[in-house]
Amino acid sequence: MADAFVENFDGSLAAAFSALVKATKTAGRLPSDIAFHRTLDESIDTRLSRTSDRMLHMGNTLWMQSRPDSSSIAIDSIDDVAVEHDGRWQTGPRFRPVIDAVDTLLEKIDIGLDEVLKTSAHKLRTAASAQIGKQSAPVVTTIKGNSLDYKLVHAQNIPRPQLAFKDTIDNSPNTPFVWKIRNKVHARVPLDYGLPSAKVAESPLGRHLHSLGIARPGATPPSSGTTTPRTSKRTTDISGVFDAMSAVEAGSLASLPHPYEYEISHYETPEWLLAASEPQKPIDWDATPFQFVDTPEQLHAMMEHLRTAREVAIDLEHHDYRSYQGFTCLIQISTRSTDFVVDALALRADLGVLNEVTADPAVIKVFHGAESDIVWLQRDFGVYVVGLFDTYHASKVLNMQHHSLAHLLLTYSAFHADKKYQLADWRIRPIPHEMLAYARADTHFLLYVFDRMRCELLERGQRLVGVDMTEPDGEHFGMLAGIDLVESATQPLELTLQRSQQTALKKHIKEGYDAEHGMGTGGWAKLAKKWRHPFTPTQLAVFRALHEWRDSCAREEDESVRYVLPNHMLFNISDAMPTDTAGLFRLCHKAPPPVRLYALDIVRLIARTRVRAEARMDEFRELVKDVESQGVEPVHVRFDDKEDKEIVEDVPDVLTSELEKSVENIVAPTSSLFGSFVPSAVATSAAERAREIRSNLVLTVAVPIRVITGPTEPEFTPVPVKPLVPKSMMVLSESSAPSISLPASKKTKTTEVLDLSKIVLSEPETPDTPVSTTRKSRKRTRTNKPEPETNVEAFEYDDSARDAIGESTIDVNQPKKVRHKKPKSFDPYKTSDSKFDKRPTRSRVNNKSGNRTLSYKK
């Protein structure tokens with residue numbers, strides 16, 4: 001019936017519209033008191049009931065066919081949709097699900113008609129439909145960046161190129177990538193070298209290969225490792241090429257080995273590459289022949305030209321917004337004399353012939369930043385590179401300040417590359433002239449950059465032979481990176497080729513999906529960690545479910561996850577968890593087409609996930625209640641007094657011996673900070689007294705009097721002053737044994753008295769100097785030089801010494817000199833005793849203290 005509808009589209013559409021209009025008019029003619037007429041005439045009631053049941057069955061059948069799991073929204077009667085109350089109709093309990101189902105069906109019809117009208121398969125191209133399917137003219141949108149303005153070149157209704165690809169795009173998460181190469185040219189070992197010969201017909205990878213029509217009865221033995229001529233081909237029977245690993249678990253993505261791994265690992269550098277030569281300047285831009293290749297004939301002519309070249313420059317332009325894995329759109333190739341831009345969309349199935357040049361070890365392939373280009377060539381065309389020179393690695397070895405292609409073009413070719421078209425949509429056909437010029441410029445100057453960087457690597461290597469590059473104070477520090485000691489002139493160039501070789505060995509590996517743990521570059525765990533969005537357990541479950549749906553939808557529709565559901569919308573929906581399509585659309589400003597198409601599915605997915613998550617939380621809460629009801633509580637004991645006491649007694653007391661010695665030398669039992677020390681009655685021995693002091697946290701404070709009892713300490717030199725004890729620090733006691741009384745503390749108001757009977761005094765050897773009561777502060781500098789020894793002669797203290805000390809003693813209780821502060825209204829200009837005759841040049845006032853600072857000129 002669907003085919004008949006499509007074949008006679010105009011007639012079928014007119015008939016459907018006529019039936020809809022007729023039904024609407026008939027329903028409008030029904031009287032408002034239809035319930036009264038149904039009670040009067042039994043036949044009317046029977047016919048209306050039969051018609052209502054038929055329409056209800058048709059609606060439920062339509063919804064069941066549109067979605068197999070739509071039984072939850074099936075209605076049993078009109079009361080499920082609308083309820084009459086007091087002469088007015090109100091929405092029923094299933095009104096919203098029915099509305100969402102109808103909106104989803106209409107959206108699918110709209111999208112389906114657009115897809116049909118864009119093609120000429122059913123001859124539906126009227127004037128309106130032709131306008132819908134035609135690609136619009138390219139539009140340039142300028143996006144301002146921090147340092148550069150980008151031009152986003154895009155167009156509407158661009159046909160999807162992957163729909164016309166001859167090879168099938170495999171986005172499944174459970175099958176690995178399979179080689180596209182069929183004939184291995186410039187081979188030193190056969191194509192199946194390194195593959196296991198065991199049968200894996202029942203493994204996931206074996207079944208996948210069998211579905212592609214690939215089987216292998218046995219492995220081809222490795223051949224000799226001699227290099228084949230440039231024009232020779234080493235082919236292997238296709239039926240015996242692809243054999244998978246002998247043990248592949250379900251869901252794993254085991255990758256096949258690199259077909260040219262042996263050739264790249266055993267690459268022999270051409271002699272001319274290691275010899276210095278004069279750089280060859282490129283031909284002028286306007287004088288260089290340029291050709292856009294988009295037909296097999298043009299491709300064949302280009303290959304004839306490339307086979308004569310000794311070095312070629314290659315670059316790629318890629319698109320990944322409207323494709324899950326992405327695809328290559330353009331390939332730029334330049335020789336010394338010609339520039340080519342290849343349409344990789346039109347010639348996708350024919351570009352495997354490039355291996356005749358890219359796999360030739362005698363031809364140097366110059367790339368810049370080839371890590372992605374190497375993978376894209378393998379994935380889309382089965383093209384591999386042997387003999388790679390990556391200018392990015394050369395810039396790293398030369399330790400350049402910047403490593404971008406634009407910087408290299410500006411440094412070596414004085415060409416300002418226009419990087420404004422990095423965000424261009426390379427699917428646009430025909431390609432605008434500005435975009436072609438941008439693509440061509442990436443390789444036009446690259447061979448000259450290669451010459452300059454190769455000569456610079458050889459020149460620095462020759463100049464720095466035998467130089468240790470690790471010395472930071474050396475003259476040549478920083479001229480080369482990644483090299484500690486330059487052993488030969490070609491070492492920097494060989495290091496660049498070695499790093500380029502590791503880049504050429506990269507393989508394309510399909511990425512699976514880990515729904516449980518969210519691992520991988522595109523997993524939900526990495527995205528949640530990057531955004532750091534706070535989620536409740538239920539919201540996190542919804543986020544994981546939506547993330548899995550987005551990945552599955554993107555794989556099925558061959559769209560990027562960014563196109564299906566952007567990240568910010570994913571987090572908004574997970575946070576709000578809408579219950580209907582209207583709430584979903586409110587959260588998605590300009591909702592993407594997949595969201596509009598599967599809006600009802602998304603809402604149902606959220607509802608199911610919420611129910612499951614809340615059920616798990618209820619189970620967890622019940623488990624916690626059961627544990628608590630059994631009286632099981634967490635017990636945490638920090639310390640056990642008995643065990644701690646036993647442990648402390650077993651530990652030797654290190655400080656007891658030191659305190660025991662110091663207890664006997666205590667002179668003053670009174671402290672200005674802690675008062676009198678009264679030992680407990682229990683502590684009788686010196687050891688117990690030491691423990692008592694330590695337990696009471698009694699501090700030992702140094703007395704500010706230098707008492708010389710022996711040789712001078714090596715780190716300080718005594719100041720030779722007379723008298724020996726400053727007058728401002730002591731007073732003569734009336735007792736028979738002299739003592740020193742320190743000034744009373746303002747807080748304690750007590751006087752600390754030290755017994756002077758045990759102090760040994762000595763006379764300085766310097767001549768008599770006048771006594772000064774003013775002490776100047778001096779900064780004491782500590783040096784490593786030993787101080788000169790001072791001979792100290794002790795003398796005995798007697799009454800005569802006591803009288804001598806008393807004569808030079810002053811009373812510490814004498815009144816201090818009071819400094820009278822001048823009032824705040826003090827004016828220095830009106831003071832008669834001012835020492836300045838002129839006004840100050842600057843006056844500053846401290847906001848905190850209110851003090852004024854005046855500055856005068858001399």
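Rings of Phe, Tyr and Trp (for Trp, the six-membered ring) form a pair if their centres lie within 6.5 Å; planes under 30 degrees apart count as stacked. The model used in these exercises is predicted.

**Exercise 1. Aromatic pairs**

Task: State which residues the ring pairs link into a cluster, and classify the pair F535 and F571 from its geometry.

Solution.
- Step 1. The cluster consists of W531, F535, F543 and F571, linked by ring pairs.
- Step 2. A search of the whole structure gives 14 aromatic pairs.
- Step 3. One of these pairs is W285 with F415: the ring centres are 6.5 Å apart and the planes meet at 15°, so the pair is stacked.
- Step 4. W285 sits in the loop between α8 and β7 (290-293), F415 in the loop between α13 and α14, and 130 residues separate them.
- Step 5. W285 is partly exposed at 26% relative accessibility, and F415 is partly exposed at 23%.
- Step 6. For F535 and F571 the centre-to-centre distance is 5.9 Å and the angle between the planes is 10°, and this pair is stacked.
- Step 7. F535 belongs to the loop between α17 (524-531) and α18 (537-557), whereas F571 belongs to helix α20 (residues 567-576), 36 residues apart.
- Step 8. F571 has a relative accessible area of 2%, so it counts as buried.

**Exercise 2. Salt bridges around strand β10**

Task: For the salt bridges R440 with D339 and D343 with R429, find which parts of the chain are linked, and decide whether each residue is buried or partly exposed.

Solution.
- Step 1. The cut-off needed here is that buried means under 20% relative accessible area.
- Step 2. The closest N and O atoms of R440 and D339 are 2.9 Å apart.
- Step 3. This pair links helix α14 (residues 433-444), which holds R440, to strand β10, which holds D339, across 101 residues.
- Step 4. R440 has a relative accessible area of 9% and is therefore buried; D339, at 1%, is buried as well.
- Step 5. In the bridge between D343 and R429, the closest N and O atoms are 2.8 Å apart.
- Step 6. Because D343 lies in strand β10 and R429 in the loop between α13 (405-412) and α14, the bridge ties together parts 86 residues apart in sequence.
- Step 7. D343 is buried at 6%, while R429 is partly exposed at 23% relative accessibility.
- Step 8. A network of salt bridges with shared partners joins D167, K180, R348, R379 and D380.

**Exercise 3. A bridge from strand β8**

Task: Locate E311 and R336 in the chain and give the burial class of each.

Solution.
- Step 1. The structure holds 22 salt bridges, and one of them joins E311 to R336 with the closest N and O atoms 3.1 Å apart.
- Step 2. E311 is in strand β8 (residues 311-319), and R336 is in the loop between β9 (327-334) and β10 (339-343), 25 residues apart.
- Step 3. E311, at 6% relative accessibility, counts as buried.
- Step 4. R336, at 22%, is partly exposed.

**Exercise 4. Helix α16**

Task: Compare the span of helix α16 with the expected value, and name elements that cover its buried residues.

Solution.
- Step 1. Helix α16 covers residues 491-504, which is 14 residues.
- Step 2. From first to last C-alpha the helix reaches 20 Å, close to the 20 Å expected at 1.5 Å a residue.
- Step 3. Its buried residues are P492, L493, L495, T496, L497, S500, T503 and A504.
- Step 4. The cover over these residues includes α8 (261-265), α11 (371-381), β12 (388-390), α12 (391-397) and α15 (446-463).

**Exercise 5. A surface patch and the whole chain**

Task: Identify which residues form a nonpolar patch with V102, then give the chain totals for burial and surface.

Solution.
- Step 1. V102 forms the patch with L106 and I109, and together they have about 260 Å² of accessible area.
- Step 2. L106 is part of helix α5 (residues 95-117), and at 52% relative accessibility L106 counts as exposed.
- Step 3. The protein chain has 27 helices and 18 strands, and buried residues make up 34% of its 858 residues.
- Step 4. The accessible surface of the protein chain is about 54,700 Å², with 54% belonging to carbon and sulfur atoms.
- Step 5. Of the contacts with a separation of 6 or more, 65% involve residues 24 or more positions apart.

How values were computed
Residues numbered from 1 in each chain as written. Predicted model: local features only at pLDDT ≥ 70, side-chain atom pairs only at ≥ 80, totals over all residues. Heavy atoms only, no water. Patch = residues over 30% accessible without salt bridge, like charges linked within 9 Å, V, L, I, M, F, W, Y side chains within 5 Å. Areas by Shrake-Rupley, 256 points an atom, 1.4 Å probe, with all protein chains shown as cover. Salt bridge = Lys/Arg side-chain N within 4 Å of Asp/Glu carboxyl O. Helix = DSSP H or I, 4+ residues; strand = E, 2+ residues; numbered from the N terminus. Buried < 20%, exposed > 50% of the residue type's maximum accessible area, 1.4 Å probe, protein only. Contact = heavy atoms within 4.5 Å. Expected span 1.5 Å × (residues − 1). Phe/Tyr/Trp six-rings, centres within 6.5 Å; stacked < 30°, edge-to-face > 60°.
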